[in-house]
Amino acid sequence: MLKAVLTGVATVGLFALAPVFYANQTLLFSAMMYLVLAQGINVLYGFTGYLPFGYVGFFGAGAYAGALSVLRLGLSPVLALVVGGVVAVLVGVVLVPLLRLSGAYFAIANLAAAQALYYVVSNPDLQALTNGPYGINLAVAYNATASYAAMVALLGLALATVVYLRHSRLGLALRAIREDRISAELAGINVVRERTIAWLLSALLAGLCGAAFAWYISVFYPETVFSLNVSIFAIVFALFGGAATLAGPIVGTLVLYGLYSAIGISQPEYFQLIFGLVIVGLVLFLPDGLASLSERAGFEVP
Amino acid sequence: MSSEVSRVSGVSGIGRSAALSDNAARLEASGLAKRFGGFRALDGLSFRLERGEILGLMGPNGSGKTTTINVVSGVYSADGGEVCLDGKPVTALAPHRRVRLGLNRTFQVPRPLRGLTVHQNVEVAAVYSGAGTDVVAQCLEWAELAHLAGRRASTLNNSQQKRLDLARALATRPRVLLIDEMGAGLNPAELETMAHKLCALAEQGVALVVVEHVLGFLQMVSSRVIVMNAGRAIFEGTVAAAAEDPEVVRVFLGERHH
Ligand SMILES: Nc1ncnc2c1ncn2[C@@H]1O[C@H](COP(=O)(O)OP(=O)(O)O)[C@@H](O)[C@H]1O
Ligand SMILES: [Mg+2]
C-alpha cells in the first residue's frame, strides 16, 4: 500500500514539475492523457477481465460534452470537465447491457457502440449542436496551464482509483469475479452490481480525460476524439506493463509512448500495426504483462 | 409421508400463517425440473430438510445429484418446481441473494478463487455475505487451513481445496449447506474427521445435504438418505434399508453393467 502511494505521488509529482525542465508540454500532456486512459482500461480489464475496444467512445463523449457545455451553455471549463465525466457515465449506463456479453462479443459490441457515437456526433444534420464533421473550436476557453493542471489532478484521481481498488473490499470482490464468477456469487457477491461499478468508474475516468483533452487541445474533429487508435494505445499500454497493478500501466505508457514519440510519430501506421500485434501477443502469451515477469522473479509490483 | 402430514396440519391449523411458518421446513424442494436440451436431468424431484438434519443424497453417476445442488443454490435456474428456505420461495433469486439468506454449497470439483490467497477466499465470502470478518479465523481453523492462510489457493492440493470450498461456504454463516462429494479422495482417517465435523455443524443447527458415493461416510453422518435415478427420487429411508431395496440395488448394479 505504501509502495503504491509513493509510486502514485512520484508519478503525479513528475508530471506536475516536468514542464519546468522540458519544453514539449504537449507531449507531456499526451503522455498523462494516455496514462489516465491506460489506468481507466486497467480499472475495467485488470479488475473484471472485460477488454473495451470501444473505450474511446467515453473519451469522445467526454470531449464533446465538455466542449459543448462551454460553447453552448457557457459553463466554466472546470465545470465542463465534470459534465464530460457525467455524460461519459451516462453513456456507460446506456451500455450496461453489453456487460452480459463476454470475450470477443463484448469487445466487438463495445467497438460498435463507440463507432455509433462517432456517427451521431459527426452527423451533418446535427451541425447546429455538435458542428458535425467540422469539429470544435474551443479557443474562447484556451488555457494551456490550467488545462495541464487539470490533467495532473486527473492523473492523481486515476492512480488513486487503482490504489483504492487494489486495497479495498470492492477490489477484492472484482478480483474474485474475475477469477470465477460462480464462486464469487457463492461468496455473496452481487456480480452484476460490482461489475457495473467498475464499468462506470472506468467510463468516468475516460470522460473526464476527454473533456480535459478538449480543453487543452482547443481545436479538434470527431475523428480526433473517436479514433480507434486511442483505445488501442491505452489498451496496449495497460497490458504491456501489467493489468491489475498500479505500476504496470505507468511503465507501459512511459516505455511504449516514449518509443512511439521517439520514432513512431513520423510513421504512425506502422505503430498501429505493431501495437495491434503486441495486444494479440500479450493476451495470448503474457496476459499479466511485464508485471507478471517481475513477480515471477520475486519482486512484488505495487 | 411425513411431509404430507405436516403440510396438511399446517393448513388446517388455527393461526394459519403462523402454523405454516412453524411447520415450514428449513429447505423444501418441490417438483424440481431441469432440462439440458431434450434431456431431463431433474424430473420432478421433491425433498424436505429440517433444521440440524443431515440428508444423504445417493445415486449412480449422472442421476442428477450435482444438478440438484446447482438448481437449489441457483447456479442453474430451474425449469420447473420450487425451492423454499424457511417457507419462503427463493427459486427466482440469484445465487448471491440465496447465499445472503443462508444457503450455500460446495463443488464436486472444488472451485476456489485460485489467484487469491486462502485467507482472501474466506474473507471475501465473510464480507460480502454480511457475516463479517470475525468468522474468518474461525472458519480457517475449522477447515484446518489456518497454517496455509497466506498461500495462493492455486497451490493447494485437492483435499485442501475441498476444505477451502467448505470454509468459503461456512464463512457465509449458512443455515443450509449442500455438500457435493466431500468423501472422494479423502483417506479413511480424513473421512472420519470430516464426518465428525459435519455432525458438529448439524448440532449447531445447520441443515446439510450430503451427496456421497462413500456409503460408510453417509452411514456416519446421516440417518436418512434419498436415492436418485434419472432425475427422480426412487428411495427414501435409512442407509441400511437402501442397501436392501431391490430397485436401489438394480439401479446401482445396472450402472456397473454399462
Ligand atoms: N451443464 C450441463 N449441460 C448438459 N448436461 C448436463 C449439464 N450438467 C449436467 N448434465 C447432465 O445431467 C445429468 C446429471 O448430471 P449430474 O447432476 O452432474 O449427475 P451426478 O452428480 O448425479 O453424477 C448427466 O447426464 C449430465 O451429463
Ligand atoms: Mg455429481
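Q: How many residues does each chain bring to the contact between chain A and chain B?
A: Chain A brings 18 residues and chain B brings 22. Keep in mind that this is a predicted model.

Q: And what area gets buried there?
A: About 1,900 Å² is buried between chain A and chain B. Carbon and sulfur atoms give 61% of that area.

Q: How many salt bridges cross the interface?
A: The rule finds one between chain A and chain B.

Q: Which residues make it?
A: D180(A) pairs with R111(B). Their closest N and O atoms are 2.8 Å apart.

Q: Why would those two pair up at all?
A: Side chains of opposite charge can pair when their charged atoms come close.

Q: How many polar contacts between the chains?
A: Eight residue pairs are in polar contact between chain A and chain B, both residues being at pLDDT 80 or more.

Q: Which elements of chain A build its side of the contact?
A: α8 (169-179) and α9 (181-186) of chain A each supply at least two residues to the side that touches chain B.

Q: Which one gives the most?
A: α8(A), with seven residues.

Q: What's the class breakdown on that side?
A: On chain A, the side touching chain B has nine nonpolar residues, three polar and six charged.

Q: Switching to ligand 1. Which residues are around it?
A: The list is in chain B: F36(B), F39(B), A41(B), P60(B), N61(B), G62(B), S63(B), G64(B), K65(B), T66(B), T67(B) and Y76(B).

Q: How does that shell split by class?
A: Five residues are nonpolar, six are polar and one is charged.

Q: Where do the backbone polar atoms come in?
A: A backbone N or O atom of G62(B) sits 2.8 Å from an oxygen atom of ligand 1. For G64(B), a polar backbone atom is 3.0 Å from an oxygen atom of the ligand.

Q: What about the side chain of T66(B)?
A: An N or O atom in the T66(B) side chain is 2.7 Å from an oxygen atom of ligand 1.

Q: How much of the ligand does the protein cover?
A: On its own, ligand 1 has 560 Å² of accessible area, and the protein covers 64% of that.

Q: Which elements feed the shell?
A: β2 (39-49) and α3 (65-73) of chain B are the elements that give two or more residues. α3(B) gives the most, with three.

Q: Back to salt bridges. What's the count over all chains?
A: It comes to 14 by this rule.

Q: Which residue does R48(B) bridge to?
A: E28(B), with the closest N and O atoms 3.4 Å apart.

Q: What does that pair tie together?
A: R48(B) lies in strand β2 of chain B and E28(B) in strand β1 (residues 27-36) of chain B, so the pair ties together parts that are 20 residues apart in sequence.

Q: Last topic, backbone angles. What is phi at D86(B)?
A: Near 50°, a positive value in a residue other than glycine. D86(B) is in the loop between β4 (80-85) and β5 (88-89) of chain B.

Q: And A230(B), what's its phi?
A: Positive, about 50°, although A230(B) is not a glycine.

Q: Where is A230(B) found?
A: In the loop between β9 (224-229) and β10 (232-237) of chain B.

Definitions and conventions: Residues are numbered from 1 along each chain as its sequence is written. Chains are lettered from A and ligands numbered from 1 in the order in which they are written. This is a predicted model: local features need pLDDT of at least 70, side-chain atom pairs count only at pLDDT 80 or more; totals for chains, interfaces and linings use all residues. Side-chain values use heavy atoms; hydrogens and water are left out. Contact means heavy atoms within 4.5 Å. Buried area is the accessible area (1.4 Å probe) that two parts lose on being put together, summed over both. A salt bridge is a side-chain nitrogen of Lys or Arg within 4 Å of a carboxyl oxygen of Asp or Glu. A polar contact is a pair of N or O atoms within 3.5 Å; within protein, one must be able to donate a hydrogen and the other to accept it, and residues adjacent in sequence count only if both atoms are side-chain atoms. Helices (H or I, at least four residues) and strands (E, at least two) are DSSP runs, numbered from the N terminus. Ala, Val, Leu, Ile, Met, Phe, Trp, Tyr, Cys and Pro count as nonpolar, Asp, Glu, Lys and Arg as charged, and the others, Gly among them, as polar. A residue is near a molecule or strand if one of its heavy atoms lies within 4 Å of it. Accessible areas come from the Shrake-Rupley method with a 1.4 Å probe; for residues, only the protein chains shown count as cover.
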